[in-house]
Amino acid sequence: MRQIISILLENETGALSRVVGLFSQRGYNIENITAAPTEDPSVTRITILTQSDKVELGRITKQLHKLVNVIRVYAQEDDSSGVVEREILFLKVQAIGHGVRAELKNLCDIFKAEIVDVTPEQYILQYVGASSDVDRFLKAVEDSADVIETVRSGVCGIFRGDHSLRV
Amino acid sequence: MEKLNGAAQLVRALEDLGVTEIFGYPGAAVVDIYDELYNSKKIHHTLARHEQGAVHEADGYARASGKVGVALVTSGPGATNTVTAIATAYMDSIPLVVISGQVSTGLIGTDAFQEVDTVGVTRPVVKYSFLCKKPEDIVPDIRKAFYIASTGRKGPVVVDIPKNCQTKRYVFEYEQGGEVRLRSYNPTVFGHRGQVKRACDELLKARRPVLLLGGGVVQGDACNEARQLARMLRLPVVCTFMGLGAFPESDPQCLGMLGMHGLYAANEIMNGSDLVLAVGCRFADRATNNVKKFCPDATIVHIDVDPASISKTVHADIPIVGDARVVMGQMLQVLKDSEIRPNSELDPWWKQIDEWRRIHPLGYTKKEGMIRPQEVIEKIYEKTKDLDPIVTTDVGQHQMFTAQFFKFDEPRRLISSGGLGTMGFGVPAAVGAQKALPGRLVLCITGDGSFQMCMQELAVARKYAMPLKIFILDNSVLGMVRQFQTVFYHHRYAGTNLDFNPDFVKMADAFGCEGFRVKPGDDIGAAIDRALAVKDRSCIVDFITDTNAIVLPWQRADGSMIEMILDEEGN
């Protein structure tokens, strides 16, 4: 099951490596991970996307809690529908000729993506959305043009409703 | 306020934390710290002969005394040599602070001489670690290290201090600092009241209950509470290997050790119980055998200070996170206010237990012309039980024979590497234990394989004229692995023959110890008496024992608790 785990931890050297190390030591898989300081610069927030069942997720969160520099951990047990999540995607694509350039512009309009850099031969496209939408946009662009480079940020997520992850 | 350099601040902080003993080995990256230690009147330094020995010594010291053990080593190889010993302490939840030198901050990452990423290398085997970036970090970090090591589920903490942070050239005001507080680290102490109540209710309902005590009861100093609880409700008590001594083994209410080489009755009780009250144990694979077949009828109540240990392998029906002593105290309080069933209601259960004890008591057969290892342990126990000795062991058959045939009545008497199973632990742990408890009888029961893994530490025992008794069960093979080969690998003894062992008696002499050999036909009891009479130095007794001995009972792999091999023919 696809799971999003959010972690607040002390913004210290090596803190991130302990979190990542825990996943590798215990044989858990990280699909993607994002990390950045919060409004309080001494606290880092990490969002991890992982595939796990309920039992495994329980174990992961307990082990994460146990790490000395982890302040809070939250993962929704059943599904990820309670999470607002976004990923950012950059695509550098071959854009030579009027037809391709027009098609790419058209796709960006449909998907509400942006062209953020233009050269005579290339476009850089930017798209923000849930991971599944990112996949769809990527597929659409690949069908219309040659993709030179792909950069995905990994998931950044926040829980809906009353549940807030704070120090 | 007094101005001190970084190294002096470290030493002062250690003094203020009550440290009196450090085990270590110097090197370029810690020479400033050593220079300051040289001035200290409160801290004694024991020079080990290998960094692994130093950390095992600190570990033995911690296990025997209940205090935090402290080791000091240099950067690079000094630090990497400690890894096995740190992992040993980590697996058994022993409070240690390991201080390592590091190359100067400007050299970190340049592959400098004796540079290694100590924090990185040790990360999976520490509870936490610090890399001090500036001299001002040293005192706060060392205070946090002691706090983290000694609270919650205890464990080793590494503090890595670069050389330039220790320098004499930079002095600044020493501030002792107040109580340590960490917002990200708050171990739960009190058990959830509702859960405690539920646990008591279930306990009173149970007709086939068992109290299972693990190392957490020993490390958490919760033995009194466990004993009260067991006696109040007439519970049969089973111990894990790490929990031995939590309840007096010579008391008929105690069934001894469970698990792979546990006692027949202890394993039967677990399997037949309707309620397991497990305290401070982690249901390790060697204790449970196949977890799917573990205690099929039992409600599992699990008390542990580490939430990650609960339902990790065995599902807990009633989990209680908290300090073992506090939570059992809460239970005692609830039970005092409850209507307790008459203890006679457990009569049928106890009748069954006594029957199990009767059919397969712990035993072995004597063999003509051979010293049986079990016989040696039995004799050692008989000769020393009134002297309340501390017993360290190494790892292998002798360790299991000790767990079975030596009856531990008090906690912190058996000092052994249970989780990691580190051969070479016994001798340095004995040195550490003797440092913690001068004047007490310290025995090290070891094998000829294990003994050779850290025997250089005998020099330390010699230096301090420690009267350690080192009993080697010398069968010229690696018996524990060999017994697998005997039973499961068609007697193909690959790599388990210790041909050309050194002469341990001559070695004793070389290390300034007393030493003698006991051969088949010799009087074992007299040999032990002779060893006990040596008071001014250590004594090594080399018992030539039966090569073919097998540790029994022996649970069948992947079976239930009661699928056990009970005789040497494999039945």
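Domain bounds here come from an automatic or database domain assignment. In chain A this assignment gives domain 1 (2–75) and domain 2 (83–152).

The model is predicted: local features need pLDDT of at least 70, side-chain atom pairs count only at pLDDT 80 or more, and totals for chains, interfaces and linings use all residues. Residues are numbered from 1 along each chain as its sequence is written, while chains are lettered from A and ligands numbered from 1 in the order in which they are written.

**Exercise 1. Describe chain A.**

Step 1. Start with the domains. The C-alpha centres of domain 1 and domain 2 of chain A are 30 Å apart.

Step 2. Count the elements. Helices (H or I, at least four residues) and strands (E, at least two) are DSSP runs, numbered from the N terminus. Chain A has four helices and nine strands. Their sequence pattern is β-α-β-β-α-β-β-α-β-β-α-β-β.

Step 3. Look at burial. A residue is buried if 20 or more other C-beta atoms lie within 10 Å of its own, exposed if 12 or fewer, and partly exposed in between; C-beta atoms are placed from the backbone. In chain A, 29% of the 167 residues count as buried.

Step 4. Give the extent. Along the principal axes, the C-alpha atoms fill a box of roughly 55 × 35 × 30 Å.

**Exercise 2. Describe chain B as a whole and say why it counts as compact.**

Step 1. Count again. Chain B comes to 22 helices and 22 strands.

Step 2. Test compactness. The radius of gyration is taken over C-alpha atoms, and the globule rule is 2.2 Å times the number of residues to the power 0.38. Chain B has a radius of gyration of 24 Å, close to the 25 Å that the rule gives for 571 residues, so chain B is as compact as a globular protein of that length.

Step 3. Add the extent and burial. The C-alpha trace of chain B spans about 75 × 60 × 40 Å along its principal axes. Of its 571 residues, 55% count as buried.

Step 4. Check the contacts. Two residues are in contact if their C-beta atoms, placed from the backbone, lie within 7 Å. Among contacts in chain B with a separation of 6 or more, 77% join residues 24 or more positions apart.

**Exercise 3. Find the strand order and the edges of two sheets in chain B.**

Step 1. Recall the pairing rule. Two strands pair if DSSP finds at least two bridges between them.

Step 2. Take one open sheet. Its six strands have the order β3-β2-β4-β5-β7-β6 (chain B), with parallel pairing. β3 (44–47) and β6 (128–131) of chain B are the edges, each with a single partner strand, so one side of each lacks a neighbour in the sheet.

Step 3. Zoom in on one pair. Strand β2 (residues 21–24) of chain B runs parallel to β3(B), joined by four bridges. Here B:G24 stands opposite B:L47.

Step 4. Take another open sheet. Its six strands follow β11-β10-β9-β12-β13-β14 (chain B), again with parallel pairing. The edges are β11 (254–257) and β14 (318–321) of chain B.

**Exercise 4. Is β9(B) buried or exposed, and what surrounds it?**

Step 1. Count buried residues. Five of the five residues of β9(B) are buried, so this strand is largely enclosed by the rest of the structure.

Step 2. Sort them by face. On one side are B:P209, B:L211 and B:L213; on the other are B:V210 and B:L212. In general, side chains of a regular strand alternate between the two faces of the sheet.

Step 3. Find the neighbours. Five bridges join β9(B) to β12(B) in parallel, and three join β9(B) to β10(B), also in parallel. B:L212 has the bridge partner B:A278 in β12(B) and B:V238 in β10(B).

**Exercise 5. Which element of domain 1 of chain B gives the most residues to the side that touches domain 3 of chain B?**

Step 1. Set the bounds. Chain B is divided into domain 1 (3–173), domain 2 (193–359) and domain 3 (373–551).

Step 2. Count the contact. It takes 24 residues from domain 1 of chain B and 24 residues from domain 3 of chain B.

Step 3. Name the elements. β2, α3 (51–65) and α5 (83–91) of chain B each give two or more residues to the domain 1 side. α3(B) gives the most, with 11 residues.
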